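This report covers helix packing and the nonpolar interior of one protein chain.

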Amino acid sequence: MITPHSFTAALAELELPNVFNPYRECCATHDRVDAAHIRRGNFERCLEAALEAHVDTIWIARDLGYRGGRRTGVPLTDEVHLNDASRLLRGGRLEKATTGPVVAERTAAVVWNMLSTIDEPAVLWNVFPLHPYEAGDPFSNRCHTRKERDIAWPFLTALIAMIKPRRIVAIGRDAGLALDGINVPVSTVRHPSYGGQADFISGLRKIYGLTATSRQGTTLELPF
């Protein structure tokens with residue numbers, strides 16, 4: 001039986017070149033000495049809370065980002081929004097795993113603006129659940145390779161088996177294409193980066209049946 005603990009423990013075993021596994025590794029530049037343990041705990045608590053609340057939707061983007069999930073252990077979530085994740089999932093306090101100032105990520109800001117205004121929790125995930133970076137530049141983002149996706153794919157199927165979602169929201173065209181053939185209804189919205197914020201918000205409004213005059217129509221302006 002798949003549990004949040006067994007899932008995160010297995011995730012921590014993955015080790016690949018030019019990939020940072022935040023559930024296994026500690027960054028010598030930014031992390032606390034117990035950072036990997038903290039991040040495993042953060043994500044495990046999110047999964048436990050989602051199961052307890054019978055969350056029925058998974059939002060899936062492409063890769064873990066170096067300013068977001070690499071630091072927090074929670075996909076699509078930066079340090080600025082850890083408290084929002086704690087509140088929405090009611091899963092207990094999520095901890096900061098790094099030293100120094102809180103770091104923000106633009107994509108996470110838009111995602112959490114929508115999650116907070118919708119006020120309905122979703123499990124957050126990535127097609128490739130670790131942080132792939134360019135060789136020699138650990139604080140960069142790159143698209144995962146097909147080989148890396150194949151290695152990590154069993155975690156997506158295991159997550160679906162554990163959560164049993166009635167729908168999946170793919171964030172971005174790449175995520176939507178990768179999820180083609182999944183035996184769960186998938187709706188694809190534009191990724192909020194590179195000028196896609198308005199389309200991302202309108203796509204989610206449609207999926208969640210929100211009206212243009214509702215609170216959920218609020219737009220967070222960011223300098224993309």
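The text below takes the nonpolar cores and then one helix pair.

The model is predicted. Its largest nonpolar core has 33 residues. Those with the most contacts inside this core are Phe-7, Ile-58, Ile-60, Val-123, Trp-125, Leu-159 and Ile-168. In soluble globular proteins, nonpolar side chains tend to be buried together.

The elements in the table each supply at least two residues of the largest core.

| Element | Residues |
|---|---|
| Helix H1 | 4-11 |
| Helix H2 | 35-52 |
| Strand S2 | 57-63 |
| Strand S3 | 123-128 |
| Helix H6 | 146-163 |
| Strand S5 | 167-171 |
| Helix H7 | 173-178 |

Helix H6 gives the largest share of this core, 8 residues.

Ile-58 shows how one core residue is surrounded. With neighbours within four places in sequence left aside, Ile-58 is in contact with Val-123, Trp-125, Leu-159, Ile-160, Ile-163, Pro-165, Arg-167, Ile-168 and Val-169. There is also a second, separate core of 26 residues, with Leu-76, Leu-88, Met-114 and Ile-171 among them.

The helix pair is H4 (residues 82-89) and H5 (residues 106-118), whose axes come within 11 Å and cross at roughly 30 degrees. Because angles under 35 degrees count as roughly parallel, H4 is roughly parallel to H5. The crossing of H4 and H5 is left-handed. On the H4 side, Asp-84, Ala-85, Arg-87 and Leu-88 take part in the contact, and they meet Trp-112, Leu-115 and Ser-116 of H5. By class, this contact of H4 with H5 has 4 nonpolar, 1 polar and 2 charged residues. Leu-88, listed in the contact with H5, is also included in the second core.

Methods: Residues are numbered from 1 along each chain as its sequence is written. This is a predicted model: local features need pLDDT of at least 70, side-chain atom pairs count only at pLDDT 80 or more; totals for chains, interfaces and linings use all residues. Side-chain values use heavy atoms; hydrogens and water are left out. Axes are lines fitted to C-alpha atoms, for helices over the stretch in contact, and angles run from 0 to 180 degrees between N-to-C directions. Helices (H or I, at least four residues) and strands (E, at least two) are DSSP runs, numbered from the N terminus. Angles under 35 degrees count as roughly parallel, over 145 as roughly antiparallel, 65 to 115 as roughly perpendicular and the rest as oblique. A crossing is left-handed if the near helix is turned anticlockwise from the far one by less than a right angle, and right-handed if clockwise. Contact means heavy atoms within 4.5 Å. Ala, Val, Leu, Ile, Met, Phe, Trp, Tyr, Cys and Pro count as nonpolar, Asp, Glu, Lys and Arg as charged, and the others, Gly among them, as polar. A nonpolar core is a set of buried Ala, Val, Leu, Ile, Met, Phe, Trp, Tyr and Cys residues joined through side-chain atoms within 4.5 Å. Buried means under 20% relative accessible area, exposed over 50%, partly exposed in between (1.4 Å probe, protein chains only).
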